[in-house]
Amino acid sequence: MSLLSVRNLSHTYPNGYQALHDISFDVQAGEFLVIIGLSGSGKSTLLRCLNRLIEPTQGTILMNGTDVTHVSDAALRSHRAGIGMIFQHFNLIPRHSVVNNVLYGSLGSTPTMASILGRFTAEQRQKALQALDVVGIREKADVRADALSGGQQQRVAIARALMQNPSLLLADEPVASLDPATSHSVMDYLERVNKDLGTTVICNLHFLSLVRRYATRVIALKGGRMVFNGQPDEITDTWFKTIYGEEAMEVEIR
Ligand code: ADP
């Protein structure tokens, strides 16, 4: 059984704009799937459908065989609990310590008063420090999050996501606001999580050089339609122009 099975997924926003058209694909446990496509092609909408921040208007999403397309309440919370999320702008609480930011990952979406006052169990703190170890940043545990560089903050966000023991990690443009050297470091840690912990990763990326380096499979969207589903080394110049348009030129990040 696939970890994730997406069938004929479409999404139309309330203003009538159809952002996704009839998308179908499967994701096996352990894959590092990268979604590419121009800005506005629907990558973010697709990720948000997968963790059900958006309720799709058509089609089905199965997670481990369970239909999660329209679940609500406890079933929706349970679905989301298995999925870690990483954002372009990290979404840390800037004035709080690194370790507390990681600990918030073990809660629901918003920190409770008790947790803001630092009332976590020793076991939870130990787990948070272990998560910081995974992203190589344990020594920053007691530093304020806003004292870290962008790349370090994104690594904290990865550690925070790990507190959920996710079977799936969704990363929405995780390196889009980082410089090239830092981008590789963050991608290396995502790869480590994928390989060492076996967490399946689905990630939106802009630079094809990163896609070729990290993806085990690639899906390309164009105007909300899936136009490619294959291996990174199958993206030839012809495919590149199909995905990004005749005028597009590849820019490398090394
Ligand atoms: P990408 O992540 O590839 O840049 P998005 O999924 O963010 O693309 O957006 C896909 C399309 O849907 C874009 O044309 C965007 O303008 C549109 N869109 C995104 N969010 C909304 C919304 N809340 N209401 C209407 N249209 C939206």
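Let's start with a charge and a ring: the charged end of Arg213 sits over the ring of Tyr214, 4.2 Å from the ring's centre. Keep in mind that this is a predicted model.

Now for rings that meet other rings. A pair of aromatic rings is described by how far apart the centres are and by the angle of the planes. There are three aromatic pairs in this structure, and two of them are set out here, beginning with Phe228 and Trp239, which form an edge-to-face pair. This pair links distant parts of the chain, with Phe228 in strand 10 (residues 225-230) and Trp239 in helix 9 (residues 237-244), eleven residues apart.

How buried or exposed are these two residues? Phe228 has 6% relative accessibility, so Phe228 counts as buried. Trp239 has 30% relative accessibility and therefore counts as partly exposed.

Next comes a tilted pair, made by Phe240 and Tyr244. Where do Phe240 and Tyr244 lie in relation to each other? They are four residues apart in helix 9, so about one helical turn separates Phe240 from Tyr244. Phe240, at 9% relative accessibility, counts as buried. Tyr244 counts as buried too, because its relative accessibility is 12%, and buried means under 20%.

Here are the two pairs with their values:

| Pair | Centre to centre | Angle between planes | Arrangement |
|---|---|---|---|
| Phe228 and Trp239 | 4.9 Å | 70° | edge-to-face |
| Phe240 and Tyr244 | 4.9 Å | 40° | tilted |

As you turn the structure, look for helix 9: Trp239 is in this helix, and Phe240 and Tyr244 are in helix 9 as well.

Technical notes. Residues numbered from 1 in each chain as written. Predicted model: local features only at pLDDT ≥ 70, side-chain atom pairs only at ≥ 80, totals over all residues. Heavy atoms only, no water. Phe/Tyr/Trp six-rings, centres within 6.5 Å; stacked < 30°, edge-to-face > 60°. Helix = DSSP H or I, 4+ residues; strand = E, 2+ residues; numbered from the N terminus. Buried < 20%, exposed > 50% of the residue type's maximum accessible area, 1.4 Å probe, protein only. Lys NZ or Arg CZ within 6 Å of the ring centre and 35° of its normal.
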